[in-house]
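Me: I am new to reading structures. Please take me through the terms used for this one and show how each is justified.

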Amino acid sequence: MAVVSTTGSTVMNNVEAVRATLYEAMKNDDRTVILGEDVGARGNVFLITKDFIGEFGERRVIDTPIAEASIVGIAVGMAMEGLRPIAEIQFADFIYPSFNQIVGEAAKIRYRSNGEYTCPLVIRTPYGGGVRGALSHSVSIEALFYHVPGLKIVAPAFPADVKGLLNASIDDPDPVLFLEHKKTYRLIKGEVPNGHYTIPLGKANVLKEGSQLTVVSYGLYVHWALEAARSLQDDGVSVEVIDLRSIRPMDKTAILNSVEKTHKLLIVHEDNKFGGIGAEISAMVAEEALFNLDAPIRRLCGPDVPAMGYALPLEEEFMSSPAEMADAMREMVKF
Amino acid sequence: MATIIMPQLGETVTEGTVAQWLKNVGDSVDKYEDFVEVSTDKVNAGVPSPVTGTIRELLVKEGETVATGTPIAIIEEVGAGASTSPPPAPATPQAEAAPVSAPPSSNGAAASSDPAAAGSDAALRGASPAVRRLAREHHIDIRALKGTGSNGRVTAEDVMAAARNVTTAAPAHAAPAPGPAAPPPTGRTSTYAQPIPGTIVPLTQARRIIAERMVESRRTAPHAWSMVEIDVTDVWAWRVREKARFERETGYKLTLLPFFIRAVVESLAAFPLMNARFNAGDGATAPSIYVNDEVNIGIAIGLPSNLVVPVVKHADKLSIKGLAAAAGELIDKARKGKLGVDDLAGGTFTVNNNGANGSWASAPIINAGQAGIVTMESVAKKLVVRDDDTIAIRSMMNCCLSLDHRVVDGYVASGFLADVKRRLERMGPQGEL
């Protein structure tokens with residue numbers, strides 16, 4: 001963590017960490033612009049930008065129409081011409097209309113202009129399920145975008161990481177898709193250093209050291225994996241838990257170093273299994289560390305169904321749980 | 001009795017604060033009547049009672065914040081009598097339902113379910129890539145192990161445990177056994193560091209390379225040998241004078257080695273053929289000698305299980321102080337097993353500090369691809385008859401040279417040795433390191 005200047009810390013939850021970081025960014029750099037649906041007068045559906053419009057004015061806190069292609073398209077133009085736009089997609093489920101602007105435009109600007117232009121754009125969006133959000137408020141979108149070179153994807157789990165990584169994303173000269181898991185918004189609290197600091201994009205965090213199994217995750221499932229790993233400690237099961245924090249660039253070194261030690265790898269994520277982030281991690285480890293593997297790599301991921309249902313049994317069937325993760329860990333260690 | 005829990009007021013809300021109790025203990029409450037006001041960071045809301053009855057207990061004080069799902073009140077339902085209704089605690093998803101994921105599939109070739117199958121070729125076929133690699137590296141026969149994994153599978157941990165046993169078994173065997181000890185089973189292995197008599201010590205990669213290089217050097221380079229005796233009294237005094245300060249400043253020991261290397265590199269400059277290599281040539285190219293344009297001095301360092309020769313690059317460009325620091329760093333790295341490929345490559349001449357172990361003379365084998373190697377033998381005080389026929393007590397050290405007779409003859413070699421001797425004898429008793 002590159003702490004620039006901090007005096008103490010404040011306990012906040014993830015949603016407060018987003019709000020505090022955005023506020024500082026607006027305060028410290030008048031090139032910063034926030035745009036999206038309901039970010040102005042309504043102050044964002046989670047009240048993240050509440051009162052921003054009063055303080056920074058409607059030229060810097062822009063309520064847009066319900067038109068995601070326009071939100072990102074306009075933000076791309078702003079970024080290319082020297083502003084520091086932070087575009088919000090109200091829920092990740094609504095990001096699809098802006099797919100072309102993100103993948104076809106933002107991610108390719110630097111390459112296409114031969115380095116003449118960059119696109120310092122942050123696209124924030126709440127994602128993930130387990131909140132009874134049903135079909136249009138539960139989706140994980142990371143796998144749809146991680147195939148795209150030129151785009152960085154960040155998915156923090158802890159408030160201090162939210163702040164450090166959001167600051168790094170705002171500072172980054174290229175587009176960053178910043179994913180905020182809705183269920184962690186108020187569930188997860190923690191100390192957040194005061195003052196401005198950044199956490200480098202592409203650096204994972206080993207949350208718990210262990211010797212028998214490596215578990216890699218990100219977002220909400222990091223917390224559940226950690227809970228599961230700790231619940232096994234008394235039985236003498238030693239599990240290492242890695243929080244990716246950044247999905248792309250991916251911290252291959254952290255994963256490979258851990259697998260070299262434990263010889264076993266379990267990947268847990270909420271997003272669908274087929275073609276998910278776990279598929280890439282699994283392929284990477286198979287390519288680069290086959291001779292460190294003492295068990296088949298295992299992925300515990302969302303099922304291949306079109307969406308998360310509203311009915312509680314459907315949602316529970318889609319979501320994993322600390323108990324299910326603990327079972328998988330136990331089986332792998334025993335293998 | 002109905003236990004009322006803190007409701008979840010909003011999809012991302014995880015806790016609520018009891019703002020105000022609208023009913024007290026003993027008050028009656030109707031179903032759907034608000035009995036408490038709860039505030040969250042999103043909303044303030046009255047919470048309706050799910051039952052009609054009498055408030056029996058308020059479990060949370062006003063102003064207190066609790067997680068959603070925490071019991072906050074107990075209401076006795078009208079007409080319920082002694083019957084109880086189960087608390088509507090939020091169900092935490094348990095794994096008792098049909099498991100979403102199956103246990104890791106054992107691969108088709110895995111060991112059979114009969115643990116006794118361990119010890120057969122089945123174990124070998126079912127061995128994971130990590131087990132195969134670790135077994136190869138530690139010279140463990142997988143078939144000889146009893147697996148502790150599922151279905152008797154030999155795990156990576158089993159291999160490592162076996163590797164540790166091989167090493168730790170040695171001291172027990174080293175103790176003198178009363179009477180003739182039973183010979184270990186044929187083919188049992190031990191390690192080079194802790195060899196057990198009667199066992200086979202497989203070659204480590206390093207040992208194999210050393211063996212091959214030594215044979216190559218002895219076979220291809222005709223070794224000739226010479227020795228001089230050097231008076232190191234003054235340079236020794238110089239070293240003693242500077243020692244404490246140097247060690248304080250750099251953290252490295254100041255031995256005689258850097259002084260000796262300094263003399264050697266100066267002599268190599270005067271005798272460039274000593275800093276050369278012999279190319280035997282093949283059908284296409286004629287044999288030749290290449291005179292190196294760099295002076296990179298290898299330092300032979302003996303470790304318990306092998307020999308490493310890290311290289312001080314461009315040693316001719318370094319002061320004694322610089323040589324001491326460079327050598328100190330390499331020796332440090334060697335002992336910690338941290339030497340990299342770069343540290344070991346590029347040597348053009350080798351120095352072997354053999355005297356540390358009390359040796360008085362030795363006939364070293366040339367590092368293949370070089371023209372010579374010199375040793376520093378032990379320093380001892382001796383009675384010496386000097387040029388003016390006086391007798392003095394002087395610190396004397398032998399210096400031995402093996403040379404590749406294809407590259408140089410005795411004439412050049414003895415000139416070189418005499419030059420090293422002269423330079424070292426002129427060093428000290430004081431000066432700038």
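Me: How do you know that β3(A) and β5(A) pair?
Reply: Two strands pair if DSSP finds at least two bridges between them. Strand β3 (residues 32-36) and β5(A) have five bridges, in the parallel sense, so the definition is met. Gly36(A), for instance, stands opposite Glu88(A) in β5(A). Strands here are DSSP runs of E with at least two residues, helices are runs of H or I with at least four, and both are numbered from the N terminus.

Me: Is this an experimental structure or a predicted model, and how are residues and chains labelled?
Reply: This is a predicted model, in which local features need pLDDT of at least 70, side-chain atom pairs count only at pLDDT 80 or more, and totals for chains, interfaces and linings use all residues. Residues are numbered from 1 along each chain as its sequence is written, while chains are lettered from A and ligands numbered from 1 in the order in which they are written.

Me: What pairs with β5(A) in the parallel sense over three bridges?
Reply: Strand β6 (residues 122-127) of chain A does. In β6(A), Ile123(A) is the bridge partner of Ala87(A), and Arg124(A) is that of Glu88(A).

Me: What makes β5(A) largely enclosed?
Reply: A residue is buried if 20 or more other C-beta atoms lie within 10 Å of its own, exposed if 12 or fewer, and partly exposed in between, with C-beta atoms placed from the backbone. Five of the five residues of β5(A) (residues 84-88) are buried, so the rest of the structure largely encloses the strand. Arg84(A), Ile86(A) and Glu88(A) point one way, and Pro85(A) and Ala87(A) the other way.

Me: Which strands form the open sheet, and in what order?
Reply: The order in chain A is β4-β3-β5-β6-β8-β7-β14, seven strands with mixed pairing.

Me: Why is one side of β4 and of β14 in chain A left without a neighbour in the sheet?
Reply: β4 (61-63) and β14 (246-248) stand at the edges and each has a single partner strand, so one side of each has no neighbour there.

Me: How do you know that the span of α13(A) agrees with what is expected?
Reply: The expected span is 1.5 Å times one less than the number of residues. Helix α13 (residues 322-334) of chain A has 13 residues and should span 18 Å; its end C-alpha atoms are 18 Å apart, so the two agree.
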